Amino acid sequence: MSSLIQDKEPQSSLDCPIVDGKRQVQHVPPRTADVGGIPVNRVLPSRHRRLVGAWCFLDHAGPCVFKGDSRGLRVGPHPHIGLQTFTWMIEGEVLHRDSLGNRQVIRPGQVNLMTAGRGISHTEESVTGETHLHAAQLWIALPEADRRTDPRFDHYPVLPNWQEDGVDFTLLVGEFAGRRAPTLAFSPLVGLDLASSEASRIELPLREDFEYGVLPLEGGIDIEGETFVANELAYLGRGRAAVTLALPAGGRAILIGGEPLGEEILIWWNFVGHSKAEIAEAQRDWEAGSERFGNIPDYDGEPLMPPPLPWKA
């Protein structure tokens, strides 16, 4: 991540316009990026949409197959502040290691959640012999009051899962349809994976005070008569009590949402902060090898370094 995003949007931008009595849905196209040698589709942040609740970053990696002598995903030691990294694994296995000493393989159907708080570093790499990868990787911005919380790592091998109308639901975080996920959150959020075994049409209940987005991961989806292709985010905004989705057989999508954060958020490289000074301090500390971010001695590679700050520190 090598861009500066400053989010201070007017409240009206959280509400999709109503045309001829119908609330519109915003199309947010992806852009391509490279993470650890793997091409990804990135939909957040962008000039079209910077936040959905506290969700401030969304990459869709894969599905891909590694061939020849490829070692798959390899992301060297790098730091974070002011956020939670959230990995939802669909296919493949990835090893997480961090400066707190945690070592955890994430497998399909599981979530890894790392709370950076005041500072942490970690690595991610495909396990030896793994040939597949399909995952959604997201960041959640910590509210200003919690931005310097103690760093921690949580692994969730079991999440609420149920079937309805040909769709397999997994609740990744928050509450939905009378169910609650165990996932740690610092602001009101929801994350939901939907996988269809057959062509299905479903109505999802929503909270009118939340803003929402839906990202098709496999196959396109239809939202109340409007088509969205894979990797094109559908931003629903606030003010909806429900939304109707049509998924094809073998289709997959994730729903993310939350209460609007209502705070100014800056994103630069791997840092999320509430001021330029906060981010500049973190970058100086990482470049100087500060104890703030610890180290990961058992990774056989060099740490990642940031580009120069885009403003005068």
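## His134 and beyond: a chat about the fold

Colleague: Let's start with His134, which is found in strand E14, residues 132–141. Is His134 buried or exposed?

Modeller: Happy to help, and please keep in mind that this is a predicted model. The relative accessibility of His134 comes to 1%. The cut-off for a buried residue is under 20%. His134 therefore counts as buried.

Colleague: Which residue's side chain makes a polar contact with the side chain of His134?

Modeller: Leaving out residues up to four places away in sequence, His134 touches a list of residues including Ala61, Gly62, Met89, Glu91 and Leu217. Pro63 belongs to that list too. For the side-chain polar contact, the distance is 2.7 Å and the partner is His60.

Colleague: Pro63 caught my eye there. What is the omega of the peptide bond from Gly62 to Pro63?

Modeller: Pro63 is found in strand E7, and Pro63 is also among the residues that His134 touches. The peptide bond that leads into Pro63 from Gly62 is cis, with omega near 0°.

Colleague: And what is omega for the peptide bond from Leu44 to Pro45?

Modeller: Pro45 sits in a loop, the one between strand E6 (38–44) and strand E7 (55–65). The bond from Leu44 to Pro45 is cis as well, and its omega is near -10°.

Colleague: Let's step back to the whole chain. How many strands does the protein chain have?

Modeller: The chain has 313 residues. Its secondary structure comes to one helix, and the strands number 28.

Colleague: What radius of gyration does the protein chain have, and what would a compact globule have?

Modeller: Along the principal axes, the C-alpha atoms fill a box of roughly 55 × 45 × 35 Å. For 313 residues, a compact globule would have a radius of gyration near 20 Å; the chain agrees with this, because its own value is 19 Å.

Colleague: What share of the contacts between residues at least 6 apart join residues at least 24 apart?

Modeller: Asp154 gives one example of residues brought together across the sequence: Asp154 is in contact with Val111, and the two are 43 residues apart along the chain. Over the whole chain, taking contacts between residues at least 6 apart, the share joining residues at least 24 apart is 72%.

Colleague: What percentage of the residues is buried, and what part of the exposed area do carbon and sulfur atoms supply?

Modeller: Of the 313 residues, 56% are buried. The chain exposes about 13,100 Å², and the part supplied by carbon and sulfur atoms is 47%.

Colleague: How far apart do the centres of the positive and negative side chains lie?

Modeller: The chain carries 29 positive side chains and 43 negative ones. The centres of these two sets are separated by 4 Å.

Colleague: Back to Asp154. Which residue joins its side chain through a polar contact of 2.8 Å?

Modeller: Asp154 has its place in strand E15, residues 152–156, and is buried, with a relative accessible area of 14%. Leaving aside neighbours within four places, its contacts are Val111, Asn112, Leu113 and Leu184. The side chain at the other end of the 2.8 Å polar contact belongs to Arg152.

Colleague: Is Ser196 buried or exposed?

Modeller: Ser196 is found in strand E19, residues 189–196. Among the residues Ser196 touches, not counting those up to four places away, are Gly166, Val167, Leu247 and Pro248. Its relative accessibility is 4%, so Ser196 counts as buried.

Colleague: What distance separates the C-alpha atoms of Ala33 and Lys22?

Modeller: Ala33 is found in strand E5, residues 31–35, and beyond its neighbours within four places it contacts Ile38, Pro39, Val40 and Arg42. Lys22 is eleven residues from Ala33 along the chain, and the C-alpha atoms of the two are separated by 35 Å.

Colleague: How far apart in space are Val127 and Leu73, C-alpha to C-alpha?

Modeller: Val127 lies in the loop between strand E13 (120–126) and E14. Along the sequence, 54 residues separate Val127 from Leu73; in space, the C-alpha separation is 8.7 Å.

Colleague: One last pair, Ala177 and Trp269. Which of the two is buried?

Modeller: Both have a positive phi without being glycine, near 50° for Ala177 and about 50° for Trp269. Ala177 lies in the loop between strands E17 and E18, while Trp269 lies in the loop between strands E27 and E28. Ala177 is partly exposed, with a relative accessible area of 45%. At 6%, the buried residue is Trp269.

Conventions
Residues are numbered from 1 along each chain as its sequence is written. This is a predicted model: local features need pLDDT of at least 70, side-chain atom pairs count only at pLDDT 80 or more; totals for chains, interfaces and linings use all residues. Side-chain values use heavy atoms; hydrogens and water are left out. Helices (H or I, at least four residues) and strands (E, at least two) are DSSP runs, numbered from the N terminus. The radius of gyration is taken over C-alpha atoms; the globule rule is 2.2 Å times the number of residues to the power 0.38. Buried means under 20% relative accessible area, exposed over 50%, partly exposed in between (1.4 Å probe, protein chains only). Contact means heavy atoms within 4.5 Å. Accessible areas come from the Shrake-Rupley method with a 1.4 Å probe; for residues, only the protein chains shown count as cover. Lys and Arg count as positive and Asp and Glu as negative; His and the chain ends are not counted. The place of a charge is taken as NZ of Lys, CZ of Arg, CG of Asp or CD of Glu. A polar contact is a pair of N or O atoms within 3.5 Å; within protein, one must be able to donate a hydrogen and the other to accept it, and residues adjacent in sequence count only if both atoms are side-chain atoms.
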